Amino acid sequence: MKIDDIALADAEALAPVLLAAIQRLGQLGRSGAVALARQVDDGDADFDEAAEWIADIAAGKLTD
C-alpha cells in the first residue's frame with residue numbers, strides 16, 4: 001500500500017499494514033519510538049484515540 005492510498009483505505013486494508021509497521025518499530029526499539037514521536041503532533045486527537053485502542057488490544061481487552 002502506498003502512503004497516498006491510506007486516506008481512502010478501509011479498516012480491513014489498513015490493519016495488516018499497521019500491524020507490520022508497529023511490529024517493525026518494536027524491533028527497532030527506542031529508535032523506532034523516537035522516530036514515531038517526531039511525526040506525532042502534540043494534541044493530535046486522532047493519534048491519541050488510536051493509541052488508546054492499540055493499548056486495549058495489547059492488554060487483550062478488545063476482541064470481536
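These legends walk you through several views of one predicted model.

**View 1. The whole chain, an all-round first look at the predicted model.**
Let us start with the overall plan. The protein chain has 3 helices and 0 strands, and reading along the sequence gives the pattern α-α-α. Its C-alpha atoms fill a box of roughly 30 × 30 × 25 Å, taken along the principal axes. Of the 64 residues in the protein chain, buried residues make up 2%. The accessible surface of the protein chain is about 5,600 Å², and carbon and sulfur atoms account for 57% of that surface.

**View 2. Helix H1 and the glycine just after it.**
Helix H1 covers residues 11-28. How many residues does H1 have, and how far does it reach? H1 has 18 residues and runs 25 Å from its first C-alpha to its last, which is close to the 26 Å expected at 1.5 Å a residue. Just after H1 you meet Gly29, with a positive phi of about 70 degrees. While you look along a helix, here is a handy rule: an α-helix has 3.6 residues a turn, so residues three or four places apart point the same way.

**View 3. Helix H3 from start to finish.**
Helix H3 takes in residues 45-58. At 1.5 Å a residue, its 14 residues should span 20 Å, and the end C-alpha atoms of H3 are indeed 20 Å apart, so the two values agree. Look at the start of H3 to find a contact: a side-chain oxygen of Asp44 comes within 3.1 Å of the backbone nitrogen of Asp46. At the other end, H3 is followed by Gly60, which has a positive phi near 75 degrees.

**View 4. The largest pocket and its lining.**
Which residues lie nearest the centre of the largest pocket? They are Leu14, Leu18, Ile22, Ala50 and Ile54, part of a lining of 28 residues. The volume of this pocket is about 1,100 Å³. The elements that give two or more residues to its lining are H1, H2 (30-39) and H3. H1 provides the largest share, with 10 residues. Sorted by type, the lining residues are 21 nonpolar, 2 polar and 5 charged.

**View 5. Ala51, a residue in helix H3.**
Is Ala51 buried, partly exposed or exposed? Ala51 has a relative accessible area of 32%, so it is partly exposed, because that class lies between the 20% limit for buried and the 50% limit for exposed. Now find Ala9 as well: Ala51 and Ala9 are 42 residues apart along the chain, and their C-alpha atoms are separated by 19 Å.

**View 6. Leu62, in the segment after H3.**
Our last stop is past the end of a helix. Leu62 has a relative accessible area of 38%, so it too counts as partly exposed. Compare its place with that of Leu19: Leu62 and Leu19 are 43 residues apart in sequence, and 15 Å apart in space from C-alpha to C-alpha.

How values were computed. Residues are numbered from 1 along each chain as its sequence is written. This is a predicted model: local features need pLDDT of at least 70, side-chain atom pairs count only at pLDDT 80 or more; totals for chains, interfaces and linings use all residues. Side-chain values use heavy atoms; hydrogens and water are left out. On a 1 Å grid over the protein atoms alone, a cavity is a set of points where a 1.4 Å probe fits but cannot get out, and a pocket is an open set with protein on both sides within 12 Å along at least five of seven lines; lining residues have an atom within 4 Å of a point. Grid points are joined across faces, edges and corners, and a volume is the space filled by probe spheres set on the points. Helices (H or I, at least four residues) and strands (E, at least two) are DSSP runs, numbered from the N terminus. Ala, Val, Leu, Ile, Met, Phe, Trp, Tyr, Cys and Pro count as nonpolar, Asp, Glu, Lys and Arg as charged, and the others, Gly among them, as polar. The expected span of a helix is 1.5 Å times one less than its number of residues. A polar contact is a pair of N or O atoms within 3.5 Å; within protein, one must be able to donate a hydrogen and the other to accept it, and residues adjacent in sequence count only if both atoms are side-chain atoms. Buried means under 20% relative accessible area, exposed over 50%, partly exposed in between (1.4 Å probe, protein chains only). Accessible areas come from the Shrake-Rupley method with a 1.4 Å probe; for residues, only the protein chains shown count as cover.
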